[in-house]
Amino acid sequence: SVSLSGTRVSGDVAGVPLWHMVRQPHQAISSLDLSWTRLSGTLPMGGVDGIAHITLAGCKIGGELTTDLLESLKSTAVSIDLQSTQTSGTLPGDALAEMDALNQLVLSNTKLWGSLPSRLNGALQHLRLDHSGVRGTVPTGWHGNGLTWLDLQGTSVSGDVATLLPRFTRLGLLNVASTAISGTIT
């Protein structure tokens, strides 16, 4: 486990030795927290197998959240936090749905855009897409999952709150402020 969170570390993330250590099986890192540092650069295209927790929140790291990157994290990633980064491109919904172990996904305040994934994995409990470019209606494939936290504030998501609420019986927080969600709660 490695954490540089909140330090004054700066530079291009490609030059950080820890990033390269993640790729070495004999030096595997299960948790990498580079949040709120001054690191910049782009997300890796893949090759980060074995990481369970990756937190890059608040860095100037950008690039696309690629299918290859998610594929390399598919069986091990429990939490991914890219909030307030320069992450951009289309939200890779199908790849996200295939991440069996993923419990927490935080993509708030990013430049990601596109439709919401048509379905979610059953392990996902905490989903934050607030203040990103996601759009569309909340898919019917989202019913019956284990979500306890859903934040879609400031997105272009739409739908009827009366049909949305009954689908999420475990929710402790639902934030749909400043969206096109409408309807009457009875």
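How do the residues of the lining of the second largest cavity divide into nonpolar, polar and charged? They divide into eight nonpolar, no polar and no charged, where Ala, Val, Leu, Ile, Met, Phe, Trp, Tyr, Cys and Pro count as nonpolar, Asp, Glu, Lys and Arg as charged, and the others, Gly among them, as polar.

The model is predicted, with local features requiring pLDDT of at least 70 and side-chain atom pairs counting only at pLDDT 80 or more, while totals for chains, interfaces and linings use all residues. Residues are numbered from 1 along each chain as its sequence is written, and side-chain values use heavy atoms, with hydrogens and water left out.

A cavity is a set of points, on a 1 Å grid over the protein atoms alone, where a 1.4 Å probe fits but cannot get out; its lining residues have an atom within 4 Å of a point. Grid points are joined across faces, edges and corners, and a volume is the space filled by probe spheres set on the points. Two cavities of 30 Å³ or more are counted. The second largest, of about 40 Å³, is lined by L43, I54, L56, L65, L69, L73, I80 and L82. The largest cavity holds about 80 Å³; its lining includes L91, P117, R119, N121 and L127, and divides into ten nonpolar residues, one polar and one charged.

I80 and L127 also appear, with V138, as the residues with the most contacts inside the largest nonpolar core, which has 45 residues. Such a core is a set of buried Ala, Val, Leu, Ile, Met, Phe, Trp, Tyr and Cys residues joined through side-chain atoms within 4.5 Å, buried being under 20% relative accessible area with a 1.4 Å probe and protein chains only. Two or more residues each come from α2 (67-73), α3 (93-97) and α4 (161-164), and α2 gives the most, with three. Leaving aside residues up to four places away in sequence, V138 touches L116, L152, V157, S158, L164, R167, F168 and I181, contact meaning heavy atoms within 4.5 Å.

The strands remain to be described. Helices (H or I, at least four residues) and strands (E, at least two) are DSSP runs numbered from the N terminus, and two strands pair if DSSP finds at least two bridges between them. Strand β8 (residues 86-90) pairs with β10 in the parallel sense over three bridges, with S88 opposite K111. Strand β10 (residues 111-115) is in turn joined to the parallel β12 (residues 133-137) by three bridges; W113 partners G133, and S115 partners R135. Three bridges also join β12 to the parallel β14 (residues 156-160), where V157 stands opposite G136.

Notes. On a 1 Å grid over the protein atoms alone, a cavity is a set of points where a 1.4 Å probe fits but cannot get out, and a pocket is an open set with protein on both sides within 12 Å along at least five of seven lines; lining residues have an atom within 4 Å of a point. Buried means under 20% relative accessible area, exposed over 50%, partly exposed in between (1.4 Å probe, protein chains only).
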